[in-house]
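Colleague: Before I use this structure, I would like the terms explained. Please set each value against its definition.

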Amino acid sequence: MTRKKVLVTGGAGFIGGNFVQYMVNKYKEYDIYNLDLLTYAGDLTKHRDIETKENYHFVKADIANRDTIIPLFEKEKFDYVVHFAAESHVDRSITDPGVFVQTNVLGTQVLLEASKQVGVTKFIHVSTDEVYGELDFDPTTFFTEETSLQPNSPYSASKASSDLLVRAYHETYDLPINITRCSNNYGPYHFPEKLIPLTISRVLNDQNVPVYGDGKNIRDWLHVIDHCAAIDLVMHMGLNGEVYNVGGHNERTNLEVVKAIISTLGKSEDLIEFVKDRLGHDKRYAIDPTKLEQLGWKPTYTFETGIAHTIQWYLDNKKWLEQIISGEYQNYFEKQYSM
Ligand code: NAD
Ligand code: TDX
């Protein structure tokens with residue numbers, strides 16, 4: 001049997017990095033190619049355990065650079081593309097939207113064109129629930145795959161644009177595709193600009209935790225390993241052309257999340273500092289994952305087991321965290337929270 005070649009874009013980041021490790025360890029018969037530009041969010045130290053494995057390969061490249069991407073696809077003839085690479089932080093998209101269009105929209109189109117030219121078996125586009133916009137606080141309402149796209153931030157608008165391009169390549173050129181739309185992830189190697197790792201990092205150092213607005217906005221949290229398993233399932237079993245929502249029914253207000261972390265670490269709630277609200281702050285996200293469950297997916301973590309596992313991981317990996325929050329990160333944090 002010939003070995004399958006799987007291109008994972010953004011495999012030096014948080015979710016892509018966890019997915020690369022999951023795939024390298026699970027599928028010895030696949031060659032996993034991690035393609036990443038190594039922006040501020042990319043870091044290869046997380047792959048020390050797998051970097052010498054024969055089925056792991058790394059390529060440093062910009063997905064938006066046609067002149068490197070097209071020849072790479074012509075040379076390697078990838079079977080699968082699992083596309084994570086993106087600018088991923090909503091706050092950064094509010095201060096600097098241009099790079100979100102460049103990477104998330106143009107970069108996706110370049111990958112689609114390359115995939116069409118070599119005829120990949122399937123293109124899996126990793127998207128987000130944020131493309132659906134926001135829900136109100138009625139707990140009986142959920143995003144389904146039929147919910148219309150009404151993105152509110154430059155980040156979610158760029159992701160929705162890329163979703164539409166993926167759809168168009170399927171409709172126009174018959175490119176085999178799936179789109180997954182997952183709720184908020186958390187877990188190992190989450191970059192500490194996002195709420196959960198930022199809170200863990202700040203609380204560990206007895207620093208105040210910035211909570212936007214009144215802290216009542218709701219997110220639906222999923223452990224990253226459950227997201228990886230969902231993508232694996234969609235890659236192998238997803239029906240061509242279909243969209244799958246991913247979420248585990250773990251809605252929490254931001255304040256509940258922050259208080260849970262403070263309590264687990266045995267610190268005082270006095271660390272909570274209410275700060276100016278995010279512009280256009282979406283009220284609530286909540287996923288209906290029925291379609292994916294019918295394909296055979298079930299999450300393994302509840303929010304309680306997942307957050308305990310994640311906090312322990314950060315306690316065990318303080319060196320990784322320290323390396324990430326030194327240098328440029330400090331400038332980002334000061335700029336972001338002085339506004
Ligand atoms: P991340 O910011 O941690 O990682 C992004 C990775 O992409 C980094 O390694 C970065 O170096 C790389 N990258 C950025 N620009 C690139 C370019 N031009 N060329 C090549 N590589 C580039 O992001 P994440 O949180 O792991 O998110 C991964 C994907 O999952 C994104 O597409 C995001 O929209 C989606 N998603 C994220 C969440 C979440 O909660 N984090 C939820 C649902 C969907
Ligand atoms: O310092 C903070 N204080 C705060 O109150 C930060 C960073 C966030 N928040 C709030 C804003 C959100 O309501 O916490 C919530 C979560 O914020 P983020 O961690 O920035 O995530 P979110 O904006 O919900 O987007 C995430 O989930 C969907 C990812 O970053 C996206 O890539 C993904 O698509």
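Modeller: A residue counts as near a ligand if one of its heavy atoms lies within 4 Å of it. Note also that this is a predicted model.

Colleague: What surrounds ligand 1 on that basis, and which residues are closest?

Modeller: There are 28 residues around ligand 1, and the closest are Ile-15, Asp-36, Ser-88, Tyr-155 and Lys-159.

Colleague: What makes the pair between Ser-88 and ligand 1 a polar contact?

Modeller: A polar contact is a pair of N or O atoms within 3.5 Å. An N or O atom in the side chain of Ser-88 is 2.7 Å from an oxygen atom of ligand 1, so the pair qualifies. Asp-62 passes too, because one of its polar side-chain atoms lies 2.9 Å from a nitrogen atom of ligand 1. With Gly-13 the partner is a polar backbone atom, 2.9 Å from an oxygen atom of ligand 1.

Colleague: How much of ligand 1 does the protein bury?

Modeller: The protein buries 96% of the 840 Å² that ligand 1 exposes when taken alone.

Colleague: Which elements give two or more residues to the shell around ligand 1?

Modeller: They are α1 (14-26), β5 (122-128), α5 (154-173) and β7 (184-186). The most comes from β5, with 3 residues. By residue type, the shell around ligand 1 has 14 nonpolar, 11 polar and 3 charged members.

Colleague: Why are α1 and α7 called oblique to each other?

Modeller: The axes of α1 and helix α7 (residues 224-237) cross at roughly 60° and come within 9 Å. Angles under 35 degrees count as roughly parallel, and 65 to 115 as roughly perpendicular. The angle of roughly 60° fits neither class, so α1 and α7 are oblique to each other. Their crossing is right-handed.

Colleague: Turning to ligand 2, which residues come nearest?

Modeller: Of the 21 residues around ligand 2, the nearest are Glu-130, Tyr-155, Arg-278, His-281 and Tyr-337.

Colleague: How do you know that Tyr-155 makes a polar contact with ligand 2?

Modeller: The limit is again 3.5 Å. An N or O atom in the side chain of Tyr-155 is 2.5 Å from an oxygen atom of ligand 2, so this pair counts. A polar side-chain atom of Glu-130 lies 2.6 Å from an oxygen atom of ligand 2, and for Tyr-337 the value is 2.7 Å, also from a polar side-chain atom to an oxygen atom of the ligand. The protein covers 94% of the 650 Å² of accessible area that ligand 2 has on its own.

Colleague: Which element gives the most to the shell around ligand 2?

Modeller: That is β8, with 3 residues. The elements giving two or more residues are α3 (90-95), α6 (195-204) and β8 (209-212). The shell around ligand 2 divides into 9 nonpolar, 6 polar and 6 charged residues.

Colleague: What makes α6 oblique to α10?

Modeller: α6 and helix α10 (residues 303-316) pack at an angle of about 50°, with their axes 11 Å apart. That angle is not under 35 degrees and not within 65 to 115, so α6 is oblique to α10. The crossing of α6 and α10 is right-handed.

Methods. Residues are numbered from 1 along each chain as its sequence is written. Chains are lettered from A and ligands numbered from 1 in the order in which they are written. This is a predicted model: local features need pLDDT of at least 70, side-chain atom pairs count only at pLDDT 80 or more; totals for chains, interfaces and linings use all residues. Side-chain values use heavy atoms; hydrogens and water are left out. A polar contact is a pair of N or O atoms within 3.5 Å; within protein, one must be able to donate a hydrogen and the other to accept it, and residues adjacent in sequence count only if both atoms are side-chain atoms. Accessible areas come from the Shrake-Rupley method with a 1.4 Å probe; for residues, only the protein chains shown count as cover. Helices (H or I, at least four residues) and strands (E, at least two) are DSSP runs, numbered from the N terminus. Ala, Val, Leu, Ile, Met, Phe, Trp, Tyr, Cys and Pro count as nonpolar, Asp, Glu, Lys and Arg as charged, and the others, Gly among them, as polar. Axes are lines fitted to C-alpha atoms, for helices over the stretch in contact, and angles run from 0 to 180 degrees between N-to-C directions. Angles under 35 degrees count as roughly parallel, over 145 as roughly antiparallel, 65 to 115 as roughly perpendicular and the rest as oblique. A crossing is left-handed if the near helix is turned anticlockwise from the far one by less than a right angle, and right-handed if clockwise.
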